[in-house]
Amino acid sequence: MDDKILLNILHEVQDKNGYLSEKNLKEISVKHQIPISRLYGVATFHTMFKIKKQGKYIIELCGSPSCLLNNAREIENFLEKELGIEIGDTTKDKMFSVYKTSCIGCCDEAPAMLVNGCPYTKLSVKRIKEILKELRKNANS
Amino acid sequence: MQILRETNLEGLKLAQKIGKEKVLKILEKKGLVGRGGAGFPIAKKWKLALDTKANERYLICNADEGEPGTFKDKFILKNNSETMIEGMLIACYVLEVKKAFIYLRGEYDYLREELEEKIKEVIGKSGMNVSIDIVRGAGAYICGEETAIMQSIMGYRGQAMYKPPYPTVSGLWGKPTVLNNVETLTNVPQALLYDDWNPNYRLFSISGDVNHPGVYEWELGVKMSTILDSVKPKEKLKAMSFGCFGGIMPVDIKAKISQDSICKENCQHGAYSIIFIGEKHNIVDINLSIAKFYTFESCGKCTPCREGTVRLLNILKKIRDGGCNDEDLEMLKELAQHIQDTSLCGLGQSCGNHILTGLKNFKEDYTRCLKK
């Protein structure tokens with residue numbers, strides 16, 4: 001293999017493709033001379049790498065105690081109800097995938113979540129409604 | 001704040017002027033210790049790597065803070081990354097490192113582009129012939145552990161390895177490797193340059209049921225009353241949790257936050273993250289939330305942690321749902337202790353601490369949940 005950092009290679013491909021498909025992994029394997037079994041092992045070890053097609057927006061709700069103390073449960077319940085899916089699922093229109101994640105380091109602005117890697121903080125039901133509306137609008141424009 | 005003082009490459013210039021031996025002596029004399037939780041003296045760590053004969057050495061800046069309730073490294077990355085990069089360059093100079101890495105946690109990827117710019121800028125100004133590459137983490141807490149982070153950089157699953165050999169002897173690609181975190185490296189040029197640099201200042205990440213959460217800088221031994229005056233509790237406080245692995249203890253207004261006072265409650269200060277918990281919350285719920293974290297983040301390599309964290313979570317769920325009796329509490333305690341005693345790395349060795357201290361300090365919350 002060459003001396004490029006594997007995590008960075010996987011990120012770059014995922015940034016372009018939205019997830020790491022079998023075809024992607026095969027191409028990386030040939031290009032960088034890394035066994036595909038190892039690529040699969042590394043990809044599935046990390047929660048941020050996805051090997052299945054995702055929604056346009058990946059929402060990662062913070063599951064830290066700091067968020068829990070600041071009504072994160074209410075946000076979680078509302079999101080599930082509003083999107084009609086459970087944590088870990090993708091909406092039928094392939095717009096949103098929702099996950100719960102370990103602490104994202106926004107405890108001083110809890111509750112918080114990442115949408116495609118960008119932090120959204122001080123969440124409330126009202127704010128979630130606005131964020132979802134905005135994201136839908138951006139997706140269709 | 002001491003941590004925000006800029007050094008504008010003066011620390012590096014001083015280091016290059018006085019030479020590596022004197023740099024190590026100053027860092028030792030000034031008492032700069034690692035800020036990751038273990039408090040290992042930085043000069044000692046650097047010497048260990050220097051004493052290992054090698055044609056190449058590596059430096060890793062650990063920016064993979066993932067301990068729930070911790071966000072102080074993010075604060076530095078946002079507000080004083082130049083000084084941190086200068087700290088890395090001083091380390092590169094002393095340790096004769098040509099290739100260094102910043103392992104940036106995936107959750108902070110939005111800070112990456114600006115950090116890349118800063119790296120280019122600072123290296124350019126320094127005139128040094130070194131490279132600092134950002135490794136993009138991807139959401140694995142265990143990669144903050146020193147052997148796992150190296151596995152991850154080398155392109156393997158980020159699982160913890162047996163020690164020895166220690167990284168300073170055989171680290172990345174078998175070469176001596178020094179790992180320091182963001183806060184530690186930021187302190188390097190500041191400690192070298194400023195006579196009034198205080199070794200006892202620590203960054204505290206404060207969150208939970210308070211009106212003014214955030215990053216604060218206090219001296220070790222700070223009074224709890226001082227902390228509470230600054231952070232303003234939202235309601236009467238019942239407990240404080242030191243991140244996830246430090247344990248949970250009652251809030252004592254007269255207490256001072258030092259290693260000794262915390263140890264009496266069987267807690268550890270860790271990275272000085274304090275999550276304040278108000279009176280309306282049941283500690284079982286907090287323990288359950290932390291247990292989910294450990295189950296999710298266990299790397300799966302050793303059996304006690306891989307299997308044990310799941311069992312702990314299941315028992316806690318059963319307790320919360322009112323399906324347990326006294327015997328289950330004993331089982332929970334025994335299991336938590338057993339996992340701590342037999343796990344391979346720091347994650348497993350600390351995963352039961354929040355439960356053991358929760359059971360010890362807040363038994364009434366547990367008994368309230370028991371089968372009537």
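The points below comment on a predicted model, taking the sheet of chain A, a strand and a helix pair of chain B, the contact between the chains and the domains of chain B in turn.

1. In chain A, four strands make up an open sheet whose order is β2-β1-β3-β4, and the pairing within this sheet is mixed. Its edges are formed by β2 (96-101) and β4 (118-120) of chain A, each of which pairs on one side only. From one strand to the next the twist averages 25°.

2. At one end of that order, strand β3 of chain A, residues 113-115, is joined to β4(A) by three bridges, and the two strands run antiparallel. Within this pairing A:Leu114 stands opposite A:Pro119, a residue of β4(A). The sheet also carries a helix, since α5 of chain A (residues 72-83) packs on the sheet and touches both β1 (57-62) and β2 of chain A. The direction of α5(A) makes about 155° with that of β1(A).

3. For chain B, strand β1 (residues 58-63) deserves a separate remark: six of its six residues are buried, so the strand is largely enclosed by the rest of the structure. The cover extends to both faces of β1(B), with B:Tyr58, B:Ile60 and B:Asn62 buried on one side, and B:Leu59, B:Cys61 and B:Ala63 buried on the other.

4. The pairing of β1(B) can be followed towards two neighbours. With strand β2 of chain B (residues 99-104), β1(B) pairs in the parallel sense over six bridges, and here B:Leu59 has B:Ala100 of β2(B) as its bridge partner. With strand β4 of chain B (residues 177-181), the pairing of β1(B) is again in the parallel sense, over five bridges, and B:Tyr58 stands opposite B:Thr177 of β4(B). B:Leu59 and B:Tyr58, named in these two pairings, are both among the buried residues of the strand.

5. Two helices of chain B, α11 (residues 283-297) and α15 (residues 353-361), have axes that come within 10 Å and cross at roughly 170°. That crossing angle makes α11(B) roughly antiparallel to α15(B). On the side of α11(B) the contact involves B:Ile283, B:Asn287 and B:Ile290, which meet B:His354, B:Ile355 and B:Gly358 of α15(B). By class, the residues of this contact comprise three nonpolar and three polar, with no charged residue.

6. Where the two chains meet, chain B contributes 43 residues to the contact and chain A contributes 32 residues. On the side of chain B that touches chain A, at least two residues each come from β3 (131-136), α7 (146-153), β5 (201-208), β11 (273-278) and α11 of chain B. Of the elements on this side, α11(B) gives the most, with seven residues; α11(B) is also the helix whose axis comes within 10 Å of that of α15(B). The side of chain B that touches chain A holds 17 nonpolar, 16 polar and ten charged residues.

7. Finally, chain B is divided into domain 1 (2-193), domain 2 (201-278) and domain 3 (283-369). Taken over C-alpha atoms, the centres of domain 1 and domain 2 of chain B are separated by 27 Å. Their contact draws 13 residues from domain 1 of chain B and twelve residues from domain 2 of chain B. On the domain 1 side of this contact in chain B, the residues divide into four nonpolar, five polar and four charged.

Methods: Residues numbered from 1 in each chain as written. Chains lettered and ligands numbered in written order. Predicted model: local features only at pLDDT ≥ 70, side-chain atom pairs only at ≥ 80, totals over all residues. Pairing = 2+ DSSP bridges. Axes fitted to C-alpha atoms, helices over the stretch in contact; angles between N-to-C directions. Contact = placed C-beta atoms within 7 Å. Buried ≥ 20, exposed ≤ 12 C-beta atoms within 10 Å, placed from the backbone. Parallel < 35°, antiparallel > 145°, perpendicular 65-115°, else oblique. Nonpolar A, V, L, I, M, F, W, Y, C, P; charged D, E, K, R; others polar. Domains from an automatic or database assignment.
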